Amino acid sequence: MIKVTHIISGLQADGAETVLHSITSRMDANRFENEVISLTDLGPMAERLAASGTPVRALGMRRGTANPLKILQLAEWLKKSKPQVIQTWMYHADLIGGSAAYLAEKLPVVWGIHHTNLDPDQNKRTTIWTARACARLSRLLPERIVCCSEASRRAHARFGYAEEKMEVIPNGFDIRRFYPDADARRGLRQELGIAADVPLIGMAARFHIQKGHKNFIEAAASLHSRVPGVHYVLCGKNVDQNNTELSTWIEEAGLRNVCHLLGAREDMPRFFGALDIATSSSLSEAFPMAVGEAMACGTPCVVTDVGDSALIVGDTGKVVPADDPKSLAAAWEELLGTGPGVRQQMGRAARNRVEQRFNIGAIVERYQELYRQIAAAPRATAAQSSNVTSAAA
């Protein structure tokens, strides 16, 4: 039995947290024992993790701080828990969890990177500082560094991470949960109060500059001027009528009567299954979950060429330049013009691509094999020439 302790900053229902749940809930319980530690508090994903049999606890660290006493407390937890492998998720957990594991008798750590864009204009200063510290410590703290995309691996190698420790394990998708559903199309249109034959273009993403909602709205305005019968639907955290910035963009674009804001939703298979075209209009991505989920539902995608979006879609959809709303609108118009039959054919090819290349079962096995290798490797006994403090200096 191999015990794996997963350390993550928080447990909101976002991309990396969803991947964490997908992996731990599917690992072989006869060979692996998982636990999850949130550095801050217990968010919505904690309940789902616990329901799948994974113990969860929270360290109670304040967001935006790295309290040394809390790091020491985490180290004590790890000493008592004695995991054979520690998996950390994203920059802050990589740094704090890696440091605590080092203090806890240098327990073996696998870092997880789920980010690509390190542009200071699109990231918090604390994020850049943390990533920079991780780059300096990457030759000391982790045994391996798992990137969720090829784009992430390349970006972090350029940023100074230990390239020899890096490997790519992409995110995976549950094709039993996400599948084509004819009833979804009818049901969502009834919810929106629109006719059953109205074309629907949609996107699922939290409201953030990197997700390119303004890019989406400008593309919708461009297409609306030529094809006014199309409707647009957006969902995600803070994507609702209370978002005055987003609502203003929609109003100014003349889309108030054709653009629907649904907020955060739990029924994502139904959402993606209802669309004629799913979109990612992001300015930056690593490995967007929403694209693969839409493809698994048999919905063709138009994506911006960021992160591994083009790699996910392949020849089953359309890829356009980032931050180019006219190109995005043109790709939508081209797909709409092909007719339902061609789009359904593309959707079948999209689902087949997900099943063959990004099936969650195969991704879980890659993580399990990595953990087996780490657990079986002899523990290092040679003294390190420098400590964590000097490495981060």
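In the dialogue that follows, a trainee asks a mentor why certain words are used for parts of this structure.

Trainee: What kind of model is this, and how are its residues numbered?

Mentor: It is a predicted model, in which local features need pLDDT of at least 70 and side-chain atom pairs count only at pLDDT 80 or more, while totals for chains, interfaces and linings use all residues. Residues are numbered from 1 along each chain as its sequence is written, and side-chain values use heavy atoms, with hydrogens and water left out.

Trainee: What makes Asp174 and Arg26 a salt bridge?

Mentor: The term requires a side-chain nitrogen of Lys or Arg within 4 Å of a carboxyl oxygen of Asp or Glu. For Asp174 and Arg26 the distance from N to O is 2.5 Å, so the pair is called a salt bridge under the 4 Å limit. Asp174 sits in the loop between strand S7 (166-168) and helix H7 (182-192), and Arg26 in the loop between H1 and strand S2 (32-38), so the pair ties together parts that are 148 residues apart in sequence. Helices (H or I, at least four residues) and strands (E, at least two) are DSSP runs, numbered from the N terminus.

Trainee: Is each of these two partners, Asp174 and Arg26, buried, exposed or partly exposed?

Mentor: Buried means under 20% relative accessible area, exposed over 50%, and partly exposed in between, with a 1.4 Å probe and protein chains only. Asp174 has a relative accessible area of 15%, and is therefore buried. Arg26, at 27%, counts as partly exposed.

Trainee: How do you know that Glu163 and Arg153 also form a salt bridge?

Mentor: Their side chains meet at 3.5 Å, N to O, which is within the limit already given, and therefore the name applies. This pair links distant parts of the chain, ten residues apart, with Glu163 in the loop between helix H6 (150-159) and S7, and Arg153 in helix H6. Glu163, at 45%, is partly exposed, and Arg153 counts as partly exposed at 21%.

Trainee: What is the N to O distance between Arg372 and Glu365, and how many salt bridges does the structure hold?

Mentor: The structure holds 24 salt bridges. Arg372 and Glu365 meet in one of them at 2.6 Å, N to O. Arg372 is partly exposed at 23%, and Glu365 is partly exposed at 33%. Elsewhere, salt bridges that share partners join Arg185, Arg189, Asp276 and Arg343 into one network.

Trainee: Why is Glu17 said to have no salt bridge?

Mentor: Glu17 is found in helix H1 (residues 15-24). Lys and Arg count as positive and Asp and Glu as negative, whereas His and the chain ends are not counted. Glu17 is buried, and the nearest side chain of opposite charge, Arg63, is 7.3 Å away, so the limit for a salt bridge is not met. Leaving aside neighbours within four places in sequence, Glu17 is in contact (heavy atoms within 4.5 Å) with Ile8, Gly10, Leu11, Gln12, Met45 and Met90.

Trainee: What is notable about phi of Met90?

Mentor: Phi of Met90 is near 80 degrees, a positive value in a residue other than glycine. Met90 lies in the loop between strand S4 (85-89) and H4, and at 24% counts as partly exposed. Lys106 likewise has a positive phi, near 55 degrees, and lies in the loop between H4 and strand S5 (109-113).

Trainee: Which residues lie nearest the centre of the second largest pocket?

Mentor: The second largest pocket is lined by 26 residues, of which Lys106, Leu107, Pro108, Glu143 and Arg379 lie nearest its centre. Helix H4 (91-103) and helix H15 (360-376) are the elements that give two or more residues to this lining. On a 1 Å grid over the protein atoms alone, a pocket is an open set of points where a 1.4 Å probe fits, with protein on both sides within 12 Å along at least five of seven lines, and lining residues have an atom within 4 Å of a point.

Trainee: What makes Gly347 count as buried?

Mentor: Gly347 has a relative accessible area of 0%, and is therefore buried. Its place is in helix H14 (residues 340-357), and, leaving aside neighbours within four places in sequence, Gly347 is in contact with Met295, Gly298, Thr299 and Pro300.
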